[in-house]
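User: I have not seen this one before. Please take me through it, beginning with the words you will use for accessibility.

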Amino acid sequence: VTHSIAACIGSMTINSKQLDNESPVSIFAVNKCYETVQDGTFFDGSGFAALVREGYKVRSDVNITLEFRTTAVHGVLLGVSSAKVDAIGLEIVHGKVLFHVNNGAGRITATYEPRGTNSLCDGKWHKLQANKSKHHISLIIDGNLVHTDNPYIQSTSADTNNPIYVGGYPADVKQNCLTSKSSFRGCLRNLFLTKGQHAELFDFSRAFDLRGVFPHSCPGAEH
């Protein structure tokens, strides 16, 4: 077994002596346990998850779906970039959700603006779907569809070759389709990237780099 257990452990004794887990000698990727827990991955607002070390190729088509829950009005959701300008990005800025795509000719953005500034950042689960099909992009939040016009109709492929960064990205990594540097604070679940008939569910416990991210454990809704 090469990975850690996704669980809470308490009241451990060795040779009848209770271990003091309040002041450990060292600690790594251990979060507190919550009385009420939901399925999902908790992002503490300080880091990111990095997936697909060899690089994810968006190319002409991709459909991204995920669910998020946050009380913060800013935060990176997902970014895939390249060394050039080609990239895609999803982020929350001032309580709006932005989906950016650059196929090489220029960045275009679909923006979902809720009625109230905090209505997406209310600590409840919201469903997001971002779709890129050649030069067309759309965003669906909780069933509400937003389209955007793309003047660069000849440019159809986002030739990305970098990892997928979720919830933020390292300071030395360039993201050509994100405007925010704020790491996401909240919970994400059910992240799927679909190309054609192939849908892939991304398990955060299999990320090659996790900082401030706790897979399989999401504290119960904030009150």
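Analyst: A residue is called buried under 20% relative accessible area, exposed over 50%, and partly exposed in between, with a 1.4 Å probe and only protein chains counted. The model is predicted, with local features needing pLDDT of at least 70, side-chain atom pairs needing 80 or more, and totals for chains, interfaces and linings using all residues. Residues are numbered from 1 along each chain as its sequence is written, and side-chain values use heavy atoms, without hydrogens or water.

User: Fine. Which feature does UniProt place at residues 38–218?

Analyst: UniProt gives "domain: Laminin G" there, in an unreviewed entry. Its positions follow the numbering used here, feature names are shortened, and annotations may be inferred rather than shown by experiment.

User: How much helix and strand is there over residues 38–218?

Analyst: The chain is 0% helix and 51% strand over that range. Helices (H or I, at least four residues) and strands (E, at least two) are DSSP runs, numbered from the N terminus.

User: And how far apart are the end C-alpha atoms of residues 38–218?

Analyst: The C-alpha atoms at the two ends of that stretch are 5 Å apart.

User: Now charges. How many salt bridges does the structure hold?

Analyst: There are 4. The term covers a side-chain nitrogen of Lys or Arg within 4 Å of a carboxyl oxygen of Asp or Glu.

User: What is the general idea behind such pairs?

Analyst: Side chains of opposite charge can pair when their charged atoms come close.

User: Take arginine 189. What does it form a salt bridge with?

Analyst: Its partner is glutamate 67, and the closest N and O atoms are 3.1 Å apart. This pair links distant parts of the chain, 122 residues apart: arginine 189 is in strand β14, while glutamate 67 is in strand β5 (residues 61–70).

User: Is glutamate 67 buried or exposed?

Analyst: Glutamate 67 counts as buried, because its relative accessibility is 16%. Arginine 189 has a relative accessible area of 23%, so it is partly exposed.

User: Next, which residue does aspartate 203 meet in a salt bridge?

Analyst: Aspartate 203 meets arginine 206, at 3.9 Å from N to O. Arginine 206 counts as exposed, at 68% relative accessibility, whereas aspartate 203 is partly exposed at 28%.

User: What about arginine 211: which side chain does it meet in a salt bridge?

Analyst: That is aspartate 209, with 2.9 Å between N and O. Arginine 211 is partly exposed, at 43% relative accessibility. Aspartate 209 is partly exposed too, with a relative accessible area of 22%.

User: Different topic, backbone angles. What is the usual sign of phi?

Analyst: Most residues other than glycine have a negative phi, and most peptide bonds are trans.

User: So what is phi of serine 11?

Analyst: Phi of serine 11 is near 50°, a positive value in a residue that is not glycine. Serine 11 sits in the segment before β1, and its relative accessible area of 63% makes it exposed.

User: What else lies in the segment before β1?

Analyst: Isoleucine 5 is one of the residues there, β1 itself being 13–14. Isoleucine 5 counts as exposed because its relative accessibility is 62%.

User: Back to phi. What value does histidine 94 have?

Analyst: Histidine 94 has a positive phi of about 50°, although it is not a glycine. Its place is the loop between β7 (87–93) and β8 (96–102). With a relative accessible area of 52%, histidine 94 is exposed.

User: Last topic, residues apart in sequence. How far is lysine 127 from leucine 66 in space?

Analyst: Their C-alpha atoms are 6.1 Å apart, with their positions 61 residues apart in sequence. Lysine 127 belongs to strand β10 (residues 126–133), and at 51% relative accessibility it counts as exposed.

User: And how far apart are lysine 174 and valine 85?

Analyst: They are 89 residues apart in sequence, and 9.8 Å apart in space from C-alpha to C-alpha. Lysine 174 is in the loop between β13 (164–166) and β14. Lysine 174 counts as exposed, at 52% relative accessibility.
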